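Biologist: I should like to learn how to read a structural model feature by feature. Please give me the general idea each time, and then the case at hand.

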Amino acid sequence: HRRVLPAARHPPPHTLFDRIATAIQASAQALDGKTALEFREGRWLRYRPGIRCKRLWNRNTILLSCRPGAVLPAHDHELDEHIVVISGDFVVGGRTFRAGDYHHAPAGSRHADAFTRGGCVLMVQYVP
């Protein structure tokens with residue numbers, strides 16, 4: 001067995017606090033003037049049953065978090081709609097899109113119900 005000595009016998013190096021303070025300052029400087037938001041952070045709103053949404057950098061750019069089996073009902077597109085699948089699966093028009101895949105629906109178009117089998121996260125941007 002290894003013998004563990006009490007902390008008092010091994011004080012931290014005298015430079016430890018300075019190294020920690022420097023790392024904190026470097027992190028703060030790297031993010032200065034920028035916005036950084038973790039996935040769980042921000043204001044998530046209920047959009048449809050099993051679907052939440054969160055606005056990103058403007059009102060036309062959102063994240064959708066969809067639980068398994070969630071359905072986006074058929075709808076018309078007043079604006080161009082750009083979708084990038086961040087994770088999971090998203091089925092539109094019988095085609096399954098997965099992480100990294102892109103779907104575009106032009107203004108004036110319509111599509112039937114879209115859904116997810118296992119759940120997904122989508123980034124959606126509406127462009128006039």
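**Reading the model**

Modeller: We may begin with a residue and its element: Ile20 is found in helix 1, which covers residues 16-31. Please bear in mind throughout that this is a predicted model.

Biologist: Is Ile20 buried, partly exposed or exposed?

Modeller: The term depends on relative accessible area: buried means under 20%, exposed means over 50%, and partly exposed lies in between. Ile20 has a relative accessible area of 43%, so this residue counts as partly exposed. Ile24 is also found in helix 1, and its value of 57% makes it exposed.

Biologist: Which residues form a nonpolar patch on the surface with Ile20?

Modeller: The patch consists of Leu16, Ile20 and Ile24, and together they present about 260 Å² of accessible area.

Biologist: How should I read the overall architecture, and how many helices and strands are there in the protein chain?

Modeller: One lists the elements in sequence order. The protein chain has one helix and eleven strands, and its pattern along the sequence is α-β-β-β-β-β-β-β-β-β-β-β.

Biologist: What does the radius of gyration say about the protein chain?

Modeller: One sets the value against that of a compact globule with the same number of residues. For 128 residues such a globule would have a radius of gyration near 14 Å, whereas the protein chain has 23 Å. The C-alpha trace spans about 70 × 40 × 25 Å along its principal axes. Two pairs of residues add to this picture. Ile24 and Thr96 are 72 residues apart along the chain, and their C-alpha atoms are separated by 43 Å. For Gly100 and Pro49, which are 51 residues apart along the chain, the C-alpha separation is 25 Å. Gly100 has its place in the loop between strand 7 (95-98) and strand 8 (102-105), and with a relative accessible area of 59% it is exposed.

Biologist: What share of the 128 residues counts as buried?

Modeller: The share is 25%. The accessible surface of the protein chain comes to about 9,400 Å², and carbon and sulfur atoms hold 55% of that area. As to contacts with a separation of 6 or more, residues 24 or more positions apart account for 59% of them.

Biologist: How many residues does the largest nonpolar core have?

Modeller: A core is read as a set of buried nonpolar residues joined through their side chains. The largest one here has 16 residues, and Ile51, Leu64, Cys66, Leu72, Phe90, Leu122 and Val124 have the most contacts inside it. Strand 2 (51-55), strand 3 (61-66), strand 6 (80-92) and strand 11 each give two or more residues to this core. Strand 6 supplies the largest share, four residues.

Biologist: Which residues does Ile51 touch, not counting those up to four places away in sequence?

Modeller: Ile51 touches Leu45, Arg46, Leu64, Ser65, Cys66, Ala70, Val71 and Leu72. Of these contacts, Leu64, Cys66 and Leu72 are also named among the core residues with the most contacts.

Biologist: Where is Thr116 found, and is Thr116 buried or exposed?

Modeller: Thr116 is found in the loop between strand 10 (114-115) and strand 11 (120-127). Its relative accessible area is 2%, so Thr116 is buried. Beyond four places in sequence, Thr116 touches Cys66, Arg67, Pro68, Gly69, Ala70 and Asp89.

Biologist: What can be said of its partner Arg67?

Modeller: Arg67 has its place in the loop between strand 3 and strand 4 (71-72). With 60% relative accessibility, Arg67 counts as exposed. Besides Thr116, Arg67 is in contact with Gly50 and Gly119, neighbours within four places in sequence being left aside. Arg67 and Arg52 are 15 residues apart in sequence, with 8.8 Å between their C-alpha atoms.

Biologist: How many salt bridges does a search of the whole structure find?

Modeller: Side chains of opposite charge can pair when their charged atoms come close. The search finds two salt bridges. In one, the side chains of Arg40 and Glu38 meet at 3.1 Å, N to O; Arg40 is exposed at 62%, while Glu38 is partly exposed at 44%. Asp76 forms a salt bridge with Arg110, with the closest N and O atoms 3.1 Å apart. Asp76 lies in strand 5 (residues 75-76) and Arg110 in strand 9 (residues 110-111), so this pair ties together parts that are 34 residues apart in sequence. Both Asp76 and Arg110 are exposed.

How values were computed:
Residues are numbered from 1 along each chain as its sequence is written. This is a predicted model: local features need pLDDT of at least 70, side-chain atom pairs count only at pLDDT 80 or more; totals for chains, interfaces and linings use all residues. Side-chain values use heavy atoms; hydrogens and water are left out. Patches are made of residues with over 30% relative accessible area and no salt bridge: like charges are joined within 9 Å, nonpolar side chains (Val, Leu, Ile, Met, Phe, Trp, Tyr) within 5 Å. Accessible areas come from the Shrake-Rupley method with a 1.4 Å probe; for residues, only the protein chains shown count as cover. A salt bridge is a side-chain nitrogen of Lys or Arg within 4 Å of a carboxyl oxygen of Asp or Glu. Buried means under 20% relative accessible area, exposed over 50%, partly exposed in between (1.4 Å probe, protein chains only). Contact means heavy atoms within 4.5 Å. A nonpolar core is a set of buried Ala, Val, Leu, Ile, Met, Phe, Trp, Tyr and Cys residues joined through side-chain atoms within 4.5 Å. The radius of gyration is taken over C-alpha atoms; the globule rule is 2.2 Å times the number of residues to the power 0.38.
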